[in-house]
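Here are some notes for a first look at this model. Please read them with the structure open.

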Amino acid sequence: MRRTGESIDVRSEDPIRVVLAEDHAEFRLGLKEMLATDGGIEVVGEAENGAQAVALAREVRPDVIILDLMMPVMEGREALGQILREVSPPPGIVILTMHNQPHLRRELMSKGASAFLAKSASLAEVIGAVKGSRPKQTPREDSGEVPPAS
């Protein structure tokens, strides 16, 4: 028996699975600790450059990636394009950068980024961007889940 208003979609309670892609280890650790304060977010991977971010996105298929722009090996701009082309379903991408320029924001949002924040953004802004960037939930191919009948 269900109570009125009780949800039967247990996936709505699943935490948002996040990958952090940031080359500065201390900043990445601080961001991870800040996100851990929200029970609805789970960091499932960390990358220190864009190439690692792409590989990790393919492997763990996160809901959202927080992506720095200026990283070694492969910059965030290039990683953004590869992730959106190669990862299915595509994750939401939150750009977190110290280069908070309007033209850069427009360019990256037009290329598929879900949100664009300065590294000086508050915890509430970062959490809001992560939650707002989560794609509509669909069963993952490798989960064995069957989509509900319409």
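1. The sheet in this predicted model is open and has five strands in the order 2-1-3-4-5, paired in parallel. Strand 2 (41-47) and strand 5 (115-118) form its edges, each pairing on one side only. From one strand to the next, the twist averages 20 degrees.

2. Within the sheet, strand 1 (residues 16-21) pairs with strand 3 (residues 64-67) in the parallel sense, over four bridges. V18 has V64 in strand 3 as its bridge partner.

3. Helix 3 (residues 76-86) lies across strand 3 and strand 4 (92-97). The helix runs at about 165 degrees to strand 3.

4. How do helix 2 and helix 3 pack? The angle between helix 2 (residues 50-60) and helix 3 is about 15 degrees, and their axes are 9 Å apart. Angles under 35 degrees count as roughly parallel, so helix 2 and helix 3 are roughly parallel to each other. The crossing of helix 2 past helix 3 is right-handed.

5. On the helix 2 side, the contact is made by G50, A53, V54, A57 and R58; helix 3 contributes A79, Q82, I83 and E86. By class, this contact of helix 2 with helix 3 has five nonpolar, two polar and two charged residues.

6. On confidence, the chain averages a pLDDT of 85, and 83% of the residues score at least 70. Residues 1-11 stay under 50, with six contacts beyond four places in sequence in the model. Residues 139-150 are also below 50 in pLDDT, and this stretch has ten contacts beyond near neighbours in sequence. Where pLDDT is low, predicted coordinates should not be read in detail.

Methods: Residues are numbered from 1 along each chain as its sequence is written. This is a predicted model: local features need pLDDT of at least 70, side-chain atom pairs count only at pLDDT 80 or more; totals for chains, interfaces and linings use all residues. Side-chain values use heavy atoms; hydrogens and water are left out. pLDDT is the predictor's confidence in each residue, from 0 to 100. Contact means heavy atoms within 4.5 Å. Two strands pair if DSSP finds at least two bridges between them. Helices (H or I, at least four residues) and strands (E, at least two) are DSSP runs, numbered from the N terminus. Axes are lines fitted to C-alpha atoms, for helices over the stretch in contact, and angles run from 0 to 180 degrees between N-to-C directions. Angles under 35 degrees count as roughly parallel, over 145 as roughly antiparallel, 65 to 115 as roughly perpendicular and the rest as oblique. A crossing is left-handed if the near helix is turned anticlockwise from the far one by less than a right angle, and right-handed if clockwise. Ala, Val, Leu, Ile, Met, Phe, Trp, Tyr, Cys and Pro count as nonpolar, Asp, Glu, Lys and Arg as charged, and the others, Gly among them, as polar.
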